[in-house]
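Visitor: I've got a new model to look at and could use a hand reading it. Can you walk me through it?

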Amino acid sequence: MEDISQYDDDLWDDFEDDWFAPPEITYQEAVERLRTLAGQRADVVVEWDGKRKGDGRRWRDDARVVFTGAGGPRIRLRSAAQLPYVERVVGSGVPLPERHAIWYPQQGVITARLVGDFDQFHSALVRSLLPRQKRAVDLEGPLGADLAGVLASTGAFQVSEEADGSGRSLRLVSVPPELSLLYNTRDGGGLSPSLELSGVSAPDAAEAQKTLVAYGTSYLFGLARAQGASLRLWDDGYRLGSRRGPSYSTKLRFPQR
């Protein structure tokens with residue numbers, strides 16, 4: 001049967017999903033729950049053809065949750081175990097694909113992908129939590145697991161804005177499963193950081209993204225100066241090419257400033 005979806009295939013061949021808990025419902029029940037939830041939104045479509053025959057055997061075509069806006073991401077549901085995370089995105093999340101982020105308007109929270117030198121970040125994290133630690137830290141050992149636990153619970157390098165009473169705060173946390181699923185971002189064993197901005201009040205996604213860029217960029221600049229950890233927000237311009245063809249220019253010019 002030919003795939004007649006209007007959306008291009010996504011790059012999910014190497015995504016690892018073995019860290020999800022065993023599912024408690026069937027795959028079909030998970031898809032139906034997502035379809036019901038997606039029916040409450042105009043910008044989400046759940047695509048699934050059910051079980052089909054191919055090459056003399058039965059196999060399942062994974063369902064896809066597609067956000068239909070311009071540049072909208074999609075989630076491939078590989079297992080019913082992923083349902084709680086996909087439900088949260090579909091139920092209350094607004095993707096910000098240009099920054100690989102998710103905005104939760106009801107909670108006033110934005111989580112965003114980060115890129116940069118993660119080794120510098122790990123060193124800064126060790127210095128902040130264990131100032132007397134002199135030896136190199138084995139991130140594969142117990143101490144690495146403790147650092148991952150800190151990121152998953154309280155986070156690191158938290159700052160708050162108290163002057164205007166807005167309640168805005170920023171911190172670095174481990175990559176949430178929802179962010180991993182939506183943008184195929186690996187969690188790095190819990191030690192890959194993401195940015196969490198809370199106290200966000202915005203009328204729409206465009207303003208929420210502006211808030212993320214304004215506060216996030218300033219925060220990460222301060223983090224680099226204070227801790228020597230060079231991190232930055234994801235920008236869609238970093239992706240130099242894709243299955244849709246190259247998106248980069250061939251001209252290289254001398255810097256003007």
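**Confidence first, then the cores**

Guide: Sure thing. This is a predicted model, and the protein averages a pLDDT of 81, with 75% of the residues scoring at least 70.

Visitor: In which strand is confidence lowest?

Guide: Start at the other end of the scale: strand E7 (residues 101-104) has the highest confidence, at 96. Residues 1-16 have pLDDT below 50, although this stretch has 37 contacts beyond near neighbours in sequence. Where pLDDT is low, the predicted coordinates should not be read in detail. The lowest mean, 50, belongs to strand E2 (residues 51-54).

Visitor: Which helix gives the most to the largest nonpolar core?

Guide: That core has 30 residues, and Ile-110, Phe-121, Phe-157, Leu-172 and Leu-195 touch the most other members. Five of the core's residues come from a single helix, the top contributor: H6 (residues 205-227).

Visitor: How many residues are in the other core?

Guide: This one lies apart from the largest core. Val-31, Val-46, Trp-48 and Val-90 are among its members. The count is 26 residues.

Visitor: Is Pro-95 buried or exposed?

Guide: Pro-95 sits in strand E6 (residues 94-96). Beyond four places in sequence, Pro-95 touches Arg-41, Phe-67, Pro-73, Ala-101, Leu-182 and Tyr-183. The cut-off for buried is under 20% relative accessible area. Pro-95 has 13% relative accessibility, so it counts as buried.

Visitor: How far apart in space are Pro-95 and Leu-179?

Guide: Along the sequence, Pro-95 and Leu-179 are 84 residues apart. In space, C-alpha to C-alpha, the distance is 9.4 Å.

Conventions: Residues are numbered from 1 along each chain as its sequence is written. This is a predicted model: local features need pLDDT of at least 70, side-chain atom pairs count only at pLDDT 80 or more; totals for chains, interfaces and linings use all residues. Side-chain values use heavy atoms; hydrogens and water are left out. A nonpolar core is a set of buried Ala, Val, Leu, Ile, Met, Phe, Trp, Tyr and Cys residues joined through side-chain atoms within 4.5 Å. Buried means under 20% relative accessible area, exposed over 50%, partly exposed in between (1.4 Å probe, protein chains only). Helices (H or I, at least four residues) and strands (E, at least two) are DSSP runs, numbered from the N terminus. pLDDT is the predictor's confidence in each residue, from 0 to 100. Contact means heavy atoms within 4.5 Å.
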